[in-house]
Amino acid sequence: MKKSTIIIIVVVAFLAIWGVRGYNGLVTMDENVSGQWSNVETQYQRRADLIPNLVNTVKGYASHEKETLEGVVEARSKATQMTVDANDLTPEKLAEYQKAQGAVTSALGKLLAITENYPDLKANQNFLELQAQLEGTENRINVARTNFNNAAKNFNTAIRRFPKNILAGLFGFEKRAYFEAAEGSEQAPKVEF
């Protein structure tokens, strides 16, 4: 064999190995983003599962706070009906999902604020345990969203950097959306009694 043929074979083999490794790396990163999204959804579902118990506990003490209790139930219902496919996370769909979850957060803030008017409720062991679980879940949601954003950032960076951007373009890898703070989230919810 000629020396030039060997060089061409080596270059082609190198490019093939690079292409396979690059593609597999992008697939792994893409799956990581999807997995992190599933973790976010799991934490939101955990919160949604806690809400009926919390509402029923408060209901016994604050029966005339019907509007607030109904608001929490309604927000939970809307949020649990909405699903977003991890493979189709557009910024618009993610914003809509965040809006629904933000409504739950706001309603829960109002619910927890009304407990200040009910000393017996604040001393109720079931309520205290539910409140602690809810606070822990909110922290888990924040961690899950941060992990999702980190995975999306790593994936987005990889598909935009040369030379993997060539592979990403060839195989249809697209940029993933980020979780962003909901509009008005920097302000505490307003609660009126």
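This passage walks through the overall make-up of a predicted protein model and then looks at how some of its helices meet.

Let us begin with the whole chain. The secondary structure of the protein amounts to six helices and zero strands. Read from the N terminus, the order of elements is therefore simple to write down: α-α-α-α-α-α. The protein has 193 residues, of which 33% count as buried. Its exposed surface comes to about 12,100 Å², and carbon and sulfur atoms supply 53% of that area. Contacts along the chain can also be sorted by how far apart the partners are in sequence. Among the contacts with a separation of 6 or more, 81% join residues that are 24 or more positions apart.

Helix α5, which spans residues 125–160, is a good place to look at packing. One of its partners is helix α3, made up of residues 91–114. The axes of these two helices come within 13 Å and cross at roughly 155 degrees. Because angles over 145 degrees count as roughly antiparallel, α3 is roughly antiparallel to α5. The crossing of the pair is left-handed. On the α3 side, the residues taking part are Leu-94, Thr-105, Leu-108 and Leu-112, and they meet Phe-127, Gln-131, Leu-134, Glu-138 and Phe-148 of α5. Sorted by class, this contact of α3 with α5 holds six nonpolar, two polar and one charged residues.

A second partner of α5 is helix α6, residues 164–171. Here the axes lie 6 Å apart, and the two helices pack at an angle of about 100 degrees. Angles from 65 to 115 degrees count as roughly perpendicular, so α5 and α6 are roughly perpendicular to each other. From α5, the contact draws on Ala-158, Ile-159 and Arg-160, while α6 brings Lys-164, Asn-165 and Ala-168. By class, the contact of α5 with α6 has three nonpolar, one polar and two charged residues.

Finally, we can zoom in on a single residue. Thr-137 is found in helix α5. Its relative accessibility is 0%, and because buried means under 20%, Thr-137 counts as buried. Which residues does Thr-137 contact, leaving aside its neighbours within four places in sequence? They are Gln-43, Arg-46, Arg-47 and Leu-50.

Taken together, helix α5 meets α3 in a roughly antiparallel arrangement and α6 in a roughly perpendicular one, and Thr-137 in α5 is a buried residue.

Definitions and conventions. Residues are numbered from 1 along each chain as its sequence is written. This is a predicted model: local features need pLDDT of at least 70, side-chain atom pairs count only at pLDDT 80 or more; totals for chains, interfaces and linings use all residues. Side-chain values use heavy atoms; hydrogens and water are left out. Axes are lines fitted to C-alpha atoms, for helices over the stretch in contact, and angles run from 0 to 180 degrees between N-to-C directions. Helices (H or I, at least four residues) and strands (E, at least two) are DSSP runs, numbered from the N terminus. Angles under 35 degrees count as roughly parallel, over 145 as roughly antiparallel, 65 to 115 as roughly perpendicular and the rest as oblique. A crossing is left-handed if the near helix is turned anticlockwise from the far one by less than a right angle, and right-handed if clockwise. Contact means heavy atoms within 4.5 Å. Ala, Val, Leu, Ile, Met, Phe, Trp, Tyr, Cys and Pro count as nonpolar, Asp, Glu, Lys and Arg as charged, and the others, Gly among them, as polar. Buried means under 20% relative accessible area, exposed over 50%, partly exposed in between (1.4 Å probe, protein chains only). Accessible areas come from the Shrake-Rupley method with a 1.4 Å probe; for residues, only the protein chains shown count as cover.
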